Structures are given as structure tokens and as C-alpha cells.
Amino acid sequence: MKQRATKIVATVGPASSTLDVLQRMIAAGVDVVRLNFSHGKAEDHVARAQMVRDAAAACGREIAIMADLQGPKIRIGKFSDGKIHLAKGDVFILDATCELGNQQRVGLDYKELPDDLKSGDVLLLNDGLIVLTVDRVQGSEIVTTVKIGGELSNNKGINRQGGGLSAPALTAKDMEDIKTAMRLGADYIAVSFPKNATDMVMARQLSNIAADESKVAKPRMIAKIERAEAIPALQEILDASDGIMVARGDLAVEVGNAAVPALQKRMIRMARHSNKLAITATQMMESMIQNAVPTRAEVSDVANAVLDGTDAVMASAETAAGKYPVETVEIMAAVCAEAEKAEHLSLDTDFLNVTFTRIDQSIAYGALFTAYHLRARAIVALTESGSTPLWMSRHNIDMPIYAMTPSRATQRKASLYRNVHTFELSPAVNDRESVLKAAEDVLLAAGLVKKDDMIVITWGEPMGQVGGTNALKIAKIGDH
């Protein structure tokens, strides 16, 4: 049976913070666990990360941990009665100096918001359910008229239609959370609301410093694309990142729901072309927070992300707070596997305009081309850094890519790569023939190949150096 290529990211929360539930989720198909730093304290995340490692070990797998930073959440304050109801035409004031809100006004946790706005701006509150038009800004007050009303409760988020708010991507809280993420050994850091490459460069520098201090492997950086101004800067953000998350919630509020599907396809396409990762997120199985089965629209949404070429689909509240965390993962896995059967393979045309100057990159592409035309059973990449299987995974091929590495950190990071399945190889085995024999033995023991199957193997000589893939071999299982 063909192994599922698309990976699943699942958020851990109150519904999934027991060893039993985590083990069942991992057994059902979770490849990456997301820790949402918008909720909980540092020690909560450290404890959950350890539980994830324990659950993965019990399942005999290595999976990645992604620390998702909160970023500059721009929110209203609290109301004296917890909530109010706004009607169309009401005058409502957002007041940076207000302590406790009422029917006429409410405070702001982002005190600089009045400096970012002018008459005529449109504000979207609570994910766009409440719409306010700015009449005027006077001092600390933003005087608005309600365009679309409804219930408004404590601490709801604020977006400006079209983007343009100046809040920095990294807050003081994020900087502390990066240290916590490195203390617990996070493999990926997801940065919320980056506007440009500089935001990602700064986050990477801080993460690398924290990783060195905690004596852990440096993390890969994921840019969450959720600001309107990130769209024209997408290529520079990609260049400064290891991947992107198509964060459709806040992005849809800023650019409009109708624009998001085409943007999703464009972002995933750009990521693959740039040899970067792509995660598709937000409301993928939203109804499963309450229901045991998803809607047909949600099934189509997950399938379309797979057909777009995403590396992973992500569950948020569905697995963090929903009633059916394990079932959510099971259904997402089944939908991904089914969608992959319908993929159109055009590997040769992928290579028509590819240019590369690195030997290891040319070996990666050579392995794909050779395996595709010889109809090999699998591709095996013996790797230290994980770069070779990453490059291979940017192209659709109907055979699995097995990344074998002595590095546990590389094994975990590669668990997010589309169509890449990881195995640990002992670092004690370091001569070529012994390593190649060990790789074959791993596949045989796992039942993934049988005698006389053809595989394509890549490695670097001398063995053990990072970035040194320079050899390719077409091998028949059992010839050693």
C-alpha cells in the first residue's frame, strides 16, 4: 500500500494533553505536534513537549515539535459585563485609555492603534463578524460607526481591512517564548504576522542564540502568512524562511475570503519552487470540534490542499479543544491518502527549467529522474542535514523517499517534508558498503521492499559530512 505523502500537523491542547490520547493521535497519523504559545505558561509547554516525546517513543516514531509564537495580537479590552451587542449605525469608540468597556466604548491592548488609523478605514473585529468604519481619530480615541453589528465580548481581535497596522512581528513575549521553545527542543518555530524578510531574520537570529544557550539543534523557521502586506513581500519572506504557513484565518479577514483560495495555491506553488515547505492551516475540519464527522466542504478543502502540493495540513482547535481529536487525525489522513491517488505526475516537465550549481542538488534531481524512469521501488537518501530529501520532496513522484540519518534532529525535521519517511541509521556504521547494507536491511525489516526490488540510493563521500551528497547508486535488494 502506498504510504501517505502529505503530513499532518496537530495542535495539542486540553483535549489532547494525556499520554493515551497523544499516542492514539500519533498512531492515527500525526507527523508534527504544534504547541500554541498564545495559550498556557512556559512550564505547560515544557511538560507537553516531554509528553509528546514520550508518546512518540512509545509509538516507535520520531515526530517534530512546532512552537507557534503568539505575535502581536491586537485586541480590544474587557467589558464590565463581559459582552455587549452592537447594532448597525451605532457609534462606538475604541479608547486606548479606557479601563473597562461598556455599550459606548472599550479599551485596547495595543495602545498605538490610534496612530495607525485615519477616517474611512474599516476595522474588522472578532474574525470579521463585526465591521466598524472609522469616522475620526482624536487623541487616544477611535470614533467609529457600526457597519455590521452583533455580539462583541472580551479580548476579541482587531484587523484593519487591507492590512497596514504597524505592530512589530516579534513582541517581548515572543522573545521569551523563543527561549522556552529552545529549552524544550522545538524543531520548528512558527512566526506570527511577519511583514517582511527582516522579521524572519530577527526571529532566526534570536532562535539560534537560544538554541546555542540550550545546547539543542537550531530550529527551522516557518513564516505564518496572515497579513495583507506579507503578500507582495512573499518571495523575500520565503527566501528568509524554511517554509510558510498559509494561515487562512487572519489573512482572510485582511484580504477578504474570496481572495484566499487563489492565494493559497500561489503560496504553495511559490514555496515548492523555492525549495521551501508549505503548511495549510485554519478551519480545515472545524465542524469536528463538535461533530464526529466533517462536512463534505471540509473534506474537499483538505483534498484541494493536497492537490495544491502542500507539505502538510493542520488541525488547530479540532485536536486542541475538540471532542474528537483522534478521529480528526484519522479522517484527515484518509482524505490525504485518497487525494494523492488523483495527483497528476509530470516529473519531466518539472525539470525543464530547473537550474542548479550545487553537486548535492544535482544528485537529488538525478535520483528523482532515474528512479522515475526505471520505476524503482523507492529512493533512499543517506543524509546528515536533510537537504537532499527536502529537494527531492519538492517534486511529485509516485514512490516513497526514505531519509536515513544518524541525526535525530534531522529525522524529526524531515518528518514535515512531503513524501519523506525517516529512519535512524547508527553513526557507528560509517564505511560505504556497511552503510548501504544497513540501509537495505532497515527497509527489508520494515517490510517496505523485498528481494530483487530496485532502489536508488544517494549519499556523500567522505561519509559524515554535512552538505556532501555527491554519489548515486542504482541497487537491487539482496545483491550485497
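1. A residue is called buried here when its relative accessible area is under 20%, exposed when that area is over 50%, and partly exposed in between, with a 1.4 Å probe and protein chains only. By that criterion Asp453 is buried, since its relative accessible area is 9%, whereas Lys450, with a relative accessible area of 48%, is partly exposed. These two residues form a salt bridge in which the closest N and O atoms are 3.5 Å apart, the term being used for a side-chain nitrogen of Lys or Arg within 4 Å of a carboxyl oxygen of Asp or Glu. Elsewhere, salt bridges that share partners join Arg34, Asp68, Lys224 and Glu226 into one network.

2. On provenance, this is a predicted model, in which local features need pLDDT of at least 70 and side-chain atom pairs count only at pLDDT 80 or more, while totals for chains, interfaces and linings use all residues. Residues are numbered from 1 along each chain as its sequence is written, and side-chain values use heavy atoms, with hydrogens and water left out.

3. The salt bridges deserve a further comment, as a search of the whole structure finds 33 of them. One of these links Asp121 and Arg160, with the closest N and O atoms 3.3 Å apart. Because Asp121 lies in the loop between α3 (113-116) and β7 (122-125) and Arg160 in strand β11 (residues 158-160), the pair ties together parts that are 39 residues apart in sequence; helices (H or I, at least four residues) and strands (E, at least two) are DSSP runs, numbered from the N terminus. Both Asp121 and Arg160 are buried. In another pair, Arg358 and Asp360, the closest N and O atoms are 2.7 Å apart; here Arg358 is partly exposed at 41% relative accessibility, but Asp360 is buried, with a relative accessible area of 5%.

4. The strands β1-β2-β3-β12-β13-β14-β15-β16 make a closed barrel of 8 strands with parallel pairing, where two strands pair if DSSP finds at least two bridges between them. From one strand to the next, the twist averages 25°, the axes being lines fitted to C-alpha atoms, for helices over the stretch in contact, and the angles running from 0 to 180 degrees between N-to-C directions. Within this barrel, strand β15 (residues 277-281) and strand β16 (residues 312-315) run parallel and are joined by 2 bridges, and Ile279 has Ala312 in β16 as its bridge partner.

5. Helix α7 (residues 248-255) is mostly covered, with 6 of its 8 residues buried. Those buried residues are Arg248, Asp250, Leu251, Ala252, Val253 and Glu254, and Gly256, just after α7, takes a positive phi of about 95°.

6. Thr383, in the loop between β17 (378-382) and α14 (387-393), counts as buried at 5% relative accessibility. Leaving aside residues up to four places away in sequence, Thr383 touches Pro389, Ala403, Met404, Thr405 and Pro406, contact meaning heavy atoms within 4.5 Å. The C-alpha atoms of Thr383 and Ser426, which are 43 residues apart along the chain, are separated by 12 Å.

7. On the surface, Leu374, Leu472 and Ile474 form a nonpolar patch with about 230 Å² of accessible area together. Patches are made of residues with over 30% relative accessible area and no salt bridge, like charges being joined within 9 Å and nonpolar side chains (Val, Leu, Ile, Met, Phe, Trp, Tyr) within 5 Å; accessible areas come from the Shrake-Rupley method with a 1.4 Å probe, and for residues only the protein chains shown count as cover. Leu472, found in strand β21 (residues 469-476), is partly exposed at 32% relative accessibility.
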